[in-house]
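Hi everyone, thanks for having me. Have a look at the structure on the screen, and then I'll walk you through it.

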Amino acid sequence: MAQTTPNHTQTVSGWAAHDPSGKITPYTFKRRENGINDVTIEILYCGICHTDIHHVKNDWGITMYPVVPGHEITGLITKVGSNVTKFKVGDRVGVGCLAASCLDCEFCKDEQENYCDQIQFTYNGIFWDGSITYGGYSKMLVADHRYVVHIPENLPMDATAPLLCAGITVFCPLKDNNMLESPGKKMGVIGLGGLGHVAVKFGKAFGHHVTVISTSPSKEKEAKERLGADDFIVSTNVKQMQAGKRSLDFILDTVSAKHSLGPYLELLKVKGTLVIVGAPDKPMDLPSFPLIFGKRVVKGSMTGSMKETQEMIDVCGKYNITCDIETVMPDEINDALDRLAKNDVKYRFVINIAGKSSSL
Ligand SMILES: [Zn+2]
Ligand SMILES: [Zn+2]
């Protein structure tokens, strides 16, 4: 595999990690010319996702250095290819995790390309031309238009960026489990971080009773007063967990640290569903009794298709849902990554790539 191919003629300024120390430094590299199916995007903002930490440090053993992270990208279209009709120069757009898929398998044909087994990601992936993909910690991106979405005019470009990963990750399980158009359900959200806080906002927007389940009692006030959660359970408090037994229809588990699913399954009603979207790198305990005695379901979900991503962004436009963010400049990326590793952020860092207004 090559880092570039001969059509990589455009010089781009970005920021990359070069080894498992994970330290980010300025990095100049090449992107491909704008092809007939491509759009070129001037990047305004890029969110910092937990996945970025794993990649820069090669935690999963799959990193191809140098790695330019970033898959929560917002920006403005500066060029469109001759086959592109959906976008024009000046459009406000977003790019998430997906850069390419086979376009031919059952999942690609059924608009579920996020489950294509040849899926390639926005960074640390291999594009169709054989080049390694570089992400949004950079000034400019060339993307195939099929993996780009429109951003509604009322949404700010900075606080919208993390929706392209965190937002779609929690939106899809809600959609899949009929939580969009059936208000009044009892919904639980485990973990109140980048994913969890958006899940609470969606849950409230869709008319559900939302319970946040967290190890940190200190988050109760914030969950209820700022995010609008109805209830709060401290997961280490046995009494509270007992009192919550068989109370929830649906739980979204956003925790990426290893934990046992048993106590959380007990919170579900009979036939309730728990969806895992956090990604602990060690197997989680899944005891059989809470499954069997409550006919409960445990399943996973990974990001969303492009069609679902556009739907999610449009829903966010309708309900004015964005992420709560802390904006950093590119020379503060290393500090931000260190703080994110300690969960010291409410709730997502977003890099101000272009140094321009968020209302563009
Ligand atoms: Zn992500
Ligand atoms: Zn496919």
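So, how many bridges join strand 10 to strand 13? Four, and those two strands, residues 186-190 and residues 248-253, run parallel. Keep in mind that this is a predicted model. If you want one pair to look for, take Val-189: its bridge partner in strand 13 is Leu-252.

Now zoom out a bit. Strands 10 and 13 belong to an open sheet of six strands with parallel pairing, and the order across it goes 12-11-10-13-14-15. Who ends up at the edges? That's strand 12, residues 231-234, and strand 15, residues 297-300. Each has a single partner strand, so one side of each has no neighbour in the sheet. From one strand to the next, the twist averages 20 degrees.

Next, find helix 5, residues 194-205. This helix lies across strand 10, strand 11 (209-214) and strand 13. Against strand 10, helix 5 runs at about 170 degrees.

Okay, on to the whole chain. The chain is divided into two domains: domain 1 covers 10-165 plus 304-352, and domain 2 covers 166-300. Their C-alpha centres lie 27 Å apart. Where the domains touch, 18 residues of domain 1 are in contact with 15 residues of domain 2. On the domain 1 side, helix 10, residues 306-319, gives the most, with five residues. And what kinds of residues make up that side of domain 1? You get ten nonpolar, five polar and three charged.

That's my tour, thanks for listening!

Conventions:
Residues numbered from 1 in each chain as written. Chains lettered and ligands numbered in written order. Predicted model: local features only at pLDDT ≥ 70, side-chain atom pairs only at ≥ 80, totals over all residues. Pairing = 2+ DSSP bridges. Axes fitted to C-alpha atoms, helices over the stretch in contact; angles between N-to-C directions. Contact = placed C-beta atoms within 7 Å. Domains from an automatic or database assignment. Nonpolar A, V, L, I, M, F, W, Y, C, P; charged D, E, K, R; others polar.
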